[in-house]
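I opened a new notebook page for this one. These are my entries, in the order I looked things up.

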Amino acid sequence: MATPISWPTKESTNFVRLSRLLIDGGTHVLKDVFDKIHPQASLHSALHSPTVHATLKNLRSKRVLTTQQWQHLYPSVSSASHVTSSDFDITLLYLLLRNICSLVPPSTGWDKLPMQSDITREADLVRLKFYRNNIFAHILETSIDDKDFETFWSEIGSVLTRLGGSQYKSEVERLKVASIDEEDEASYVRILEEWQDYERYLKTYIKEAEDRVMEKLDIKEDNISKKLDEAEQRITDKMDEVREVFERTVHSDGPQSPEEKASVTHYNITVKDNAQCAVGNHASSVSYARVSSLSSDPDLQNNYELKIGEKSYNLKTTTRWHTELQLKPVAFHMLPSIKTDDIFTSLIIQYGRKPLKHEKGGESRNEQLDWYGKACGIPVQRCQDIFTGTIPGKLNPKTILVIGKPGIGKTLFCQKLIRDWARNRLFDEDSKFETPDFKFAYLLTFRQLSFHEDDTFNLMELLNRSSLLEEYSLVDNVLFEYMLHHKEELLVIMDGYDEYSKRDEIVNQSEEKYPNDPRNRMPVSAMCSKLIKGKIMRESVVLVTSRPAEADELGQVSFDEYVEITGFSSKQVREYIEKYFQADEAVKNIIQEHIMGNENLVSFAHIPVLCFLMCWYMEWQIQSNSHSRTLPVTVTDLCVEVIQVFVQRHHSELKGRHLRLEDRRRASAELLGSTLLQKFQRRRHSNIQQSTEDESVSPFQEKVLDKISKLAAKLLIEKKLSFSIEDMESFGLTREEIENLKASGLLQCGPTLRISPFEVAHNFSFTHLILHEYLAALWFVKERRMPTKDMAIGMVCQFMAGALSLEKNRKLLEKLVDWIKIHPSLRKDQKLLLTAKCLYEFKDKEFAKIIVANQYQRYCDDGNILFLSITDVDCVLVSFLLDIFSSLNEIQAGKNKKTLQALLRKKPSSTLKTLYIGMSTLTLSGFQRICNSLNNEFCSVTEMETFDCGLRDDCAPCLGELLVKSNLAYLSMNENKLTDKTAAILCHSLKDQRCQLTRLYLSYNEISDVGSELLCKTLLDPCCKLTRLVMYKNNVTDECQKSLKSLIEKHKPGFDLRF
């Protein structure tokens, strides 16, 4: 999934400055301290002294020193004399100071914070480590507020100055104001994280080593005791047998025959001190001795474990590095890189498959939209849960299939999963289930493996194809053998099965011709097949991701766990938008209100890629209109752009191909077959020269668009949302065209349906209801038909108007508007709002004036217009309609000499007077739009009621300006959330001579005695024109009400004041 632009904040800069002070300043200071103890001139000799060398060798055997650190201390022979502390990083310097510099630990030890009074050199060294821990606690958000920043800076600066000398004081001051670029920021955060991870790694390794030693000792002791007991029992049995033979021979009557003599076996039994037993003529002996160590060669065993531990550490390091940043959405060097941890938002994941959305009798469109952002099965609470048994006592799954429709976030999920493993954050320590201990994890993509169709690999070579590896983290023979004997410590993530070019070879059992040996070379498809099917590395965990339709091909494979990513909930959509625009609060608020205020867009955004594309497109709209921080986009504009790019990003024939923007547009249009999309693109990018071939429309384009749009329309008419392959074929779609549509990402496949004992089938639906409605609208436009009256028509009509705008078809738009007027299932206010939406989508304001003027009474019922249950997004349409009325008033006033009035069929019988808005959810953004239109000098509205709209005090300045600039004489703001702050601003406007307000209603708000007193005192001002003030049900005390009424009766008799 793509990611947004992220700009640095003051808090993030604080974090980077402290990291730089700790790393750069700390490194220089520790180097100075170390050089005073071991000067550069004698460092080589000191390191090779028997005592120091033995100490460091012991640290290496314990894996405290890494291979890279050891090579810095003891490089190759040719460069041995060039060892210098300048090559030591802060981690190595701190380790050397503690172990080979004869420092005496503080009274509290090396691992506890020293007492405040202890300012010795050793105590300050410990403090540096604790400051590192405190700063690292902020690494998830990479930000520190100003207060904590000043505290940390002062304390760290004091420690560095004490350790390094007074000359460091000026350097500390310089670092506090020095500039920081983006590369520095990423570098310091990574070093700080690696420093912390290194120490965590050491603690983990030591604990694991202790556990392994104790476990192996216990096993060895148990085995030795058991074998000694068995030997003792065998000796006893043989002695009894010998004794029995001897007695039978001694006490037998008469002479023995030669045969009997020959049958007598002579036993020689000797029991020695070391428990050796020799029995019979050809006696053999077995020796048992207590084992005091894990290996006959402890150094060899330690070196082996050291190498494995370092390999795991190196793998995690390169994995963190390669998953830290996301690919830029556009190849543009001015765009800053995006951090995975900054943008990743949790997804809804459920166990099992989510069924397709089927029609339900009486189900509203809102309920249909709500379905997309919900789990329909048991939700997965945490990502780690897919690796553990969901029932206590159940074995952890070894094969996991993760499915999700295009754009749902499977790839980013895999990247975050393996990144969490590399940062030791995949599993919580408090998990009630036994969690796997993955020492090695590899992310492979089937898209990349498709490049090796004809190559043969063994498992080691296959794992080394992971794009997250570097030369020092590749799998070598030693590590590979370790994996083969510790399979349970390996996690393999295989992303994008649907993108693999040789899926048929995985499905058709072709891997059976090769041995089940991971050391053996075989085609990539065979090796992948054996991994997925558990024919090799059965104890390892293999996770595969795929789109649903292609995943059904793996029906013969028995996965231990099936989960589906179903996308974002509305809460997660909001969270994603906040992360996307975290560096620009103003733009974030605009776009968040625009998306969250529109249930269609919220539902559309449940697919993470669509959510990103909307944010990206809207951000570009705002930035390209720098004079206005608004969103001049229609739903058709937005959806066509988003769908177009969505197809480009997720069509299997386009993924991974490096095409120019216009080439990608042309290719996606060819694959989708959308002539209207091409027209739309030519109009929006008319400055780009098109070739003659680009202007032509292929038969494929016409056919596919006609067929799929007709299918979409018929399904909506029949109130169906799912369909089968047979349904698609009945509309003339060929198998090739169906496969092409599936590959485009426009269709999603539901769970397999069993229709007979030996037959299964698939049902499909469009990726989202909005896409379904968009395609249906294209068919209604092509056929010059209106939707049926019993279907949900809102979005279909909007898309029809948007499509008609491309053709500039005024006649059909007028027919659509007339059809909305007589729709039986819509309230009058709903018809008005939907008509405004269609006129707005058509983007022909002059024609909108004609439509409104010729049907004035329809839009203005005796001078009144009413809107109920609207949001901030709808306020754009209310404002648009008010501006139309104002333009008509301007024409009637003779101020506009255009010939528009000559086109009017009849003169309006009344003018707009009253605006009602009620039972809605509005914020400052939407309310301000309406106020701006009311402030137009030609706006005829003199009365406005906004009741139960949730308006708060942040709307007060806008409201105050409205009273001064508009023609309002009557204002009702009942049942909102206004307080004394709004009352104070109203008072200021009421005393302005330009204010024409005579009646003000503020009932059912939160105004107290203070605000009431201010308003009543304002009534006494000679410039105030109010004759009535109604304030029922506020927070005004009875005593205050009585006092204010008395005041008004005395100084302004006849005034209508009500509490």
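Before the sheet, a note to self: I call two strands paired if DSSP finds at least two bridges between them. I also keep in mind that this is a predicted model.

**Entry: the sheet**

I started with strand 5 and strand 12 (residues 561–567), which pair in the antiparallel sense over four bridges. I looked up one of the residues there: Ile 349 has Ile 565 of strand 12 as its bridge partner.

Then I looked at the whole sheet. It is open, has six strands in the order 5-12-6-11-9-7, and its pairing is mixed. Which strands stand at the edges? I found strand 5 (348–351) and strand 7 (440–445) there; each has a single partner strand, so one side of each has no neighbour in the sheet. From one strand to the next, the twist averages 20 degrees.

What packs on this sheet? I noted helix 14 (residues 410–422), which touches strand 5, strand 6 (399–403), strand 7, strand 9 (490–495), strand 11 (541–546) and strand 12. The direction of helix 14 makes about 160 degrees with that of strand 7.

**Entry: a cysteine**

Next I went to Cys 639, which sits in helix 25 (residues 635–650). Is Cys 639 buried or exposed? Its relative accessible area is 1%, and buried means under 20%, so I put Cys 639 down as buried.

I then checked its contacts, leaving aside neighbours within four places in sequence: Cys 639 touches Phe 604, Ile 770 and Phe 799. For Phe 604 I also took the distances, and Cys 639 is 35 residues from it in sequence and 9.4 Å from it in space, C-alpha to C-alpha.

**Entry: helix 31**

I turned to helix 31 (residues 735–744), where seven of the 10 residues are buried, so the helix is largely enclosed by the rest of the structure. My list of the buried ones reads Glu 737, Ile 738, Asn 740, Leu 741, Lys 742, Ala 743 and Ser 744. After helix 31 comes Gly 745, with a positive phi near 90 degrees.

**Entry: two helices together**

Last, I looked at helix 39 (residues 924–934) and helix 40 (residues 956–965). They pack at an angle of about 10 degrees, and their axes are 10 Å apart. Angles under 35 degrees count as roughly parallel, so that is how I describe helix 39 and helix 40.

Which residues make the contact? Helix 39 brings Leu 924, Phe 927, Gln 928, Cys 931 and Leu 934, while helix 40 brings Cys 958, Leu 959 and Leu 962. I sorted the residues of this contact into seven nonpolar, one polar and no charged.

Definitions and conventions:
Residues numbered from 1 in each chain as written. Predicted model: local features only at pLDDT ≥ 70, side-chain atom pairs only at ≥ 80, totals over all residues. Heavy atoms only, no water. Axes fitted to C-alpha atoms, helices over the stretch in contact; angles between N-to-C directions. Parallel < 35°, antiparallel > 145°, perpendicular 65-115°, else oblique. Contact = heavy atoms within 4.5 Å. Nonpolar A, V, L, I, M, F, W, Y, C, P; charged D, E, K, R; others polar. Buried < 20%, exposed > 50% of the residue type's maximum accessible area, 1.4 Å probe, protein only.
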